[in-house]
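Got the model loaded and a selection box ready? Let's take a walk through it, one stop at a time.

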Amino acid sequence: MSADDATLNAYLPVADQGASSSPAADEETPRTQVERAYRSLRHDIIHGGRLPGERLKVEHLRQEYGVGAGTLREALALLLSDALVTMEGQRGYRVARISLQDLRDLTDTRVMLETHALRQSIRHGDDRWEAQLVAAFEQLRVIECDDNGLDPVLWEQANQRFHHALIANCGSAWTHHLLGVLYRHGERYRHVAIRLGAVSKLHRDVHVEHVNIYKAAVARQEARAALALESHIRLTCELLMEHAQRFDQRNDLPSRI
């Protein structure tokens with residue numbers, strides 16, 4: 001395991017490690033056994049129940065998740081398309097590793113696609129688009145401003161709806177598909193960043209970031225909105241890189257950044 005992996009893995013949600021908890025209760029009920037197995041495995045990978053690099057043995061997982069081997073292999077194939085699982089020839093499946101290099105690549109690609117999609121969505125946005133964006137932002141605002149603290153699961157769902165609403169009118173099905181893959185793959189890094197923010201002095205005000213994006217979008221200021229969105233997306237990467245540098249210095253390790 002590299003120093004980057006160790007730094008990020010240290011901040012995976014400890015409470016979830018080693019447990020196969022269920023996806024959020026308010027998600028739509030899975031329609032098939034494959035979808036149920038996919039969601040359960042994906043949830044465990046994202047929330048740290050399955051660690052980066054961990055081997056995924058079908059014979060063990062089928063008993064743990066209560067499905068057949070064929071069903072499980074179909075679920076793993078879906079996770080491959082999400083880049084959350086890798087396959088090593090005849091050696092089987094593994095949970096995809098996380099690293100700062102992967103995060104930087106993921107961030108650069110998402111910025112390129114999502115800022116362009118936001119510009120197009122604003123340019124072609126109509127009253128229906130704006131109404132859906134207002135509704136998505138209000139749901140996110142309520143969660144982010146809750147006096148009882150941030151619920152990571154509810155926040156992730158509301159955050160995804162908000163980002164989807166921003167680009168809903170971009171007019172490109174391929175952009176939506178590719179950004180969906182990038183968003184799902186990046187969810188592990190967001191959970192690491194949330195946990196890191198809770199136990200370190202590194203801080204960001206995500207709600208203010210969302211407000212800035214939202215206000216520019218509804219004002220149809222596409223350049224301003226795109227800049228605010230890029231800053232927002234890159235900040236997770238910057239926060240984790242800053243912590244990795246501190247970690248390397250504290251442990252007298254050469255920086256890999």
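What follows is a list of stops, each with something to select and something to look at.

**Before you click**

This is a predicted model, so to speak of a local feature takes a pLDDT of at least 70 and side-chain atom pairs count only at pLDDT 80 or more, while totals for chains, interfaces and linings use all residues. Residues are numbered from 1 along each chain as its sequence is written, and side-chain values use heavy atoms, with hydrogens and water left out.

**Stop 1: the whole chain**

Colour by secondary structure and you should get 10 helices and 3 strands. Helices here are DSSP runs of H or I with at least four residues, strands are runs of E with at least two, and both are numbered from the N terminus. Walking along the sequence, the pattern reads α-α-β-α-α-β-β-α-α-α-α-α-α.

Now colour by burial: 47% of the 257 residues are buried. Buried means under 20% relative accessible area, exposed means over 50%, and partly exposed is in between (1.4 Å probe, protein chains only). As for contacts (heavy atoms within 4.5 Å), take those with a separation of 6 or more: 76% of them join residues 24 or more positions apart.

**Stop 2: the sheet**

Select residues 55-56, 85-87 and 93-95. The 3 strands make an open, antiparallel sheet in the order S1-S3-S2. S1 and S2 are the edge strands with a single partner strand each, so one side of each has no neighbour in the sheet. Two strands count as paired if DSSP finds at least two bridges between them; S2 and S3 have 3 bridges, in the antiparallel sense. Want one bridge to zoom in on? Show Thr86, whose bridge partner in S3 is Arg94.

Carry on past S3 to Ile98, in the loop that leads to H5. Ile98 has a relative accessible area of 0%, so it counts as buried. Add Arg188 to the selection: it is 90 residues away along the chain, yet the two C-alpha atoms are separated by 8.4 Å.

**Stop 3: the cores**

Next, put side chains on Leu118, Leu133, Phe162, Leu166 and Leu240. Those have the most contacts inside the largest nonpolar core, which has 39 residues. (A nonpolar core is a set of buried Ala, Val, Leu, Ile, Met, Phe, Trp, Tyr and Cys residues joined through side-chain atoms within 4.5 Å.) Which elements give two or more residues to this core? They are H5 (100-124), H6 (127-144), H7 (152-166), H8 (173-199), H9 and H10 (222-250). H10 gives the most, with 9 residues.

Centre on Leu118 and, skipping neighbours within four places in sequence, you'll find contacts with Leu166, Ile167, Ala225, Ala226 and Leu229. Apart from this core lies another one, of 18 residues, with Tyr38, Ile46, Leu61 and Ala75 among them.

While you're in H5, click on Gln120. Its relative accessibility is 17%, so Gln120 counts as buried. Beyond four places in sequence, Gln120 is in contact with Asn169 and Cys170.

**Stop 4: the rings**

Select Phe137, Phe162 and Tyr214, a cluster linked by ring pairs. Rings of Phe, Tyr and Trp (its six-membered ring) pair if their centres lie within 6.5 Å; planes under 30 degrees apart count as stacked, over 60 as edge-to-face, and the rest as tilted. The structure holds 2 aromatic pairs. Phe137 and Phe162 are tilted, at 5.9 Å centre to centre with 55° between the planes. That pair links H6 to H7 across 25 residues. Phe137 and Tyr214 have ring centres 4.0 Å apart and planes at 5°, so they are stacked. With Phe137 in H6 and Tyr214 in H9, this pair ties together parts 77 residues apart in sequence. Phe137 is buried at 8% relative accessible area, and Tyr214 is buried at 15%.

**Stop 5: along H9**

Stay with Tyr214 and select its helix, residues 206-218. How far apart are the end C-alpha atoms of H9? They are 18 Å apart, which agrees with the 18 Å that 13 residues should span (the expected span is 1.5 Å times one less than the number of residues). The buried residues in H9 are His207, Glu209, His210, Val211, Ile213, Tyr214, Ala216 and Ala217. Finish just after H9 at Arg220, which takes a positive phi of about 60°.
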